[in-house]
Amino acid sequence: MQKLVIVESPSKANSINSYLGNDFKVVASKGHVRDLPKSTLGVDIENNFKVKYINIQGKGELINQLKKEAKGADMIYLATDPDREGEAIAWHLATVLGIEPEKANRVAFNEITRNTVLAEIEKPRAIDMNLVNSQQARRVLDRIVGYKLSPYLWKTVKSGLSAGRVQSVATRIIVERDAEIAAFEPKEYWTVEALLKGAGTRKIKAKFHGNKHGKMELTCEADAQKVLDVCNTEKFIVESVVRAKKNKSPMPPFITSTMQQDASRKLGFQAKKTMRVAQELYEGVNLGSEFGGTHGIITYMRTDSLRISGDAANAAQKFIVSKYGAEYYPSRRRTFKSAGSAQDAHEAIRPSSMEFEPELIKRYLSNDQYKLYKLIWDRFVASQMKNAELDTMNADIACGEYIFKASEYSVKFKGYLLVYEEAESSETAEKLAKVCELTQGQELLLDGINGEKNFTTPPAHFNEASLIKFLEEKGIGRPSTYATTITTIIDRGYVERDKKILRSTPLGEATVELMKKNFPSIVDYKFTANMETNLDKIASGDETAEEILGDFYVGFEKTLEKAQSKIKENKVELPVEESDIICEKCGKRMIIKSGRFGKFAACPGYPECKNTKPLAKDGSTAAEKEEPEKTDIKCPECGGEVVIRKSRYGKFYACLNFPKCKYTKAIKEEIGVACPKCGGAIVRSFGRRKSVFYNCDNYPKCDFSVWDMPTGEKCPQCGGLLLEKKGKKFSYCMNDGCGYNAK
């Protein structure tokens with residue numbers, strides 16, 4: 001009996017395949033197989049928003065292969081990701097395979113582990129059409145906004161622009177923060193800090209607070225000087241001392257948004273990178289024969305729930321008691337309450353097994369995988385540990401009519417802090433080994449005093465972490481969409497990344513102002529957040545997609561018609577950014593423009609002069625061409641000199657007579673290993689984005705190609721070729737199913 005399991009990605013297929021028996025075959029759809037057409041709207045608005053889907057271009061052969069596999073199978077399982085997008089992919093697969101949704105065998109894995117896969121495969125369910133309708137409603141909403149608004153932006157701002165529902169709001173958030181910073185006027189204020197010492201006590205810092213009536217602001221030097229004059233003449237007397245023991249609780253395990261925020265703050269990862277690495281950890285990593293081959297080592301990474309299973313909590317308890325001692329586990333098991341808006345479809349992000357301690361499996365992970373996995377591991381373990389215990393001391397110290405405050409704390413019991421420190425501590429008190437022993441009425445001697453001039457600072461520019469936090473707090477978008485949203489607004493030129501800071505561009509500012517004037521609801525925070533709530537109602541079955549889309553389109557259509565009637569008066573003139581490059585063809589000063597591959601210098605005399613120049617990656621206004629590297633090789637086509645040039649894909653040979661002679665040849669480096677397929681030489685080659693791979697020099701006659709370097713040694717188990725893992729000190733067999741690896 002042949003059973004077919006269809007998942008999205010090949011790596012996920014490999015992981016699941018290793019857990020199922022010989023009567024199962026696992027294949028990958030490689031994401032969606034159907035989508036809306038690119039050339040048309042694809043939505044019949046007049047016919048209750050009926051959607052027209054087509055097979056994605058280039059996937060015809062894959063779809064035919066899936067149909068062939070399905071035809072020969074006795075049972076078909078649709079095992080796409082456990083979220084709305086995964087549910088929609090399962091529905092599309094069922095459609096192309098001729099399976100009715102209510103008769104489909106839908107399985108979803110919160111984690112790719114043997115026990116979970118085997119348990120879920122035993123209890124398939126029908127496709128949840130409420131989830132499918134919710135995903136489809138979001139897709140239709142975004143398609144309507146994009147296809148209806150984009151032509152308006154072409155006519156009023158700039159050709160080639162595209163509009164987006166959540167992206168427009170995210171751009172507005174950054175534009176308004178930048179405007180707030182630009183308009184900010186700093187105000188002067190002074191701080192006064194005294195260094196005090198009592199008999200037999202160490203020195204303690206005390207900050208000016210005010211007087212007995214309350215807090216005072218020192219707005220100028222004269223105010224500060226009054227305080228300093230009193231401090232130099234009056235005694236410092238401890239007026240009150242409050243000592244307390246404070247329990248500090250750990251943060252909950254990660255959800256998608258908090259993982260992205262902490263990975264940004266602690267690891268410097270962009271949200272897109274965080275999600276890519278997390279996907280790799282979820283789908284499966286080969287941990288070698290020592291740990292039984294390939295495993296998904298974290299649970300599903302697109303979640304807004306803080307819930308964890310009882311089995312996971314039990315495993316964490318066992319690990320904590322064994323590793324750190326029973327005193328580090330709380331007397332009562334810790335649970336966390338999810339936000340009211342959480343869908344709670346999956347558990348929080350956690351390790352799939354407490355056997356895979358980061359240090360034990362480090363050698364099997366890439367550097368980025370290890371960093372993110374350890375962050376997830378530490379956060380989860382800490383969330384199940386006992387509170388940290390702090391000794392705190394807060395004292396009011398009088399000097400004449402003024403009050404100074406001293407605050408200190410020390411860690412009495414580290415608890416969860418033994419494992420995980422928050423990226424941003426909320427502690428304002430000074431951390432010391434031991435708090436100072438002060439008593440009420442005690443006189444303290446002045447050891448030094450300092451008055452310092454300061455200025456108020458504007459709010460900080462958004463970075464990825466703070467923007468994600470803001471979006472989450474406002475209920476805009478969903479955690480699974482944040483990475484895509486940020487990437488999109490940068491790619492479209494509305495926002496640019498300056499190191500870690502996100503800054504609005506003139507294009508973004510002009511577009512937001514135009515949208516606020518003509519389409520206020522599209523860029524309104526509350527409207528966008530309410531739409532997310534409506535999509536959740538569709539997912540729960542409380543509303544229909546037709547009702548939500550109909551209510552939206554009535555107002556949107558009227559707004560669009562009104563805006564289109566005022567296109568001429570709303571036309572925007574974007575500011576021109578000049579460079580210091582002089583066009584060698586016509587002598588005009590070139591201007592800076594943005595294209596699909598980034599910024600470039602263009603002649604303002606277009607279309608008479610079409611001269612353009614690329615700009616350097618560092619943003620400098622001159623991009624000098626590197627001198628080609630000379631060789632002793634003669635061009636086989638014209639006899640000219642052959643040089644070595646560089647491209648975005650690496651180095652290559654080229655004729656110096658280009659463009660008259662277009663001879664080029666890739667530079668390949670032999671590594672001294674024979675091809676296992678045809679006996680030819682294996683060479684080191686360059687792919688996109690400077691990636692390196694190894695293939696047979698007889699390509700395309702021989703299609704041998706691998707990412708990791710062949711060692712030339714044979715596998716002792718099956719005789720296959722051993723490959724050396726990049727960045728790691730171990731080799732493994734290239735033959736699928738062998739599983740051999742060695743240090």
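This report covers the overall build, the cysteines and one sheet of a predicted model.

The protein chain holds 17 helices and 36 strands. Its C-alpha trace spans about 95 × 75 × 70 Å along the principal axes. Of its 743 residues, 47% count as buried. Among contacts with a separation of 6 or more, 63% are between residues 24 or more positions apart. The exposed area of the protein chain is about 39,400 Å², of which carbon and sulfur atoms supply 48%. Side chains carrying charge number 116 positive and 100 negative, and the centres of these two sets lie 3 Å apart.

A search of the whole structure for disulfides finds 0. For Cys 661, the nearest cysteine sulfur belongs to Cys 635 and is 3.7 Å away. A disulfide requires the two sulfur atoms to be within 2.5 Å, so a pair at 3.7 Å is not counted as one. The table gives the burial of two cysteines.

| Residue | Relative accessible area | Class |
|---|---|---|
| Cys 661 | 7% | buried |
| Cys 715 | 4% | buried |

One open sheet has 4 strands in the order β33-β34-β35-β36, with antiparallel pairing. Its edges are β33 (709-714) and β36 (741-742); each of these has a single partner strand, so one side of each lacks a neighbour in the sheet. Strand β33 is joined by 3 bridges to β34 (residues 721-724), and the two run antiparallel. Across this pair, Pro 710 stands opposite Leu 723 of β34. In general, strands of a sheet pair through backbone hydrogen bonds.

Definitions and conventions
Residues numbered from 1 in each chain as written. Predicted model: local features only at pLDDT ≥ 70, side-chain atom pairs only at ≥ 80, totals over all residues. Heavy atoms only, no water. Buried < 20%, exposed > 50% of the residue type's maximum accessible area, 1.4 Å probe, protein only. Pairing = 2+ DSSP bridges. Contact = heavy atoms within 4.5 Å. Areas by Shrake-Rupley, 256 points an atom, 1.4 Å probe, with all protein chains shown as cover. Lys, Arg positive; Asp, Glu negative; His and termini not counted. Charge placed at Lys NZ, Arg CZ, Asp CG, Glu CD.
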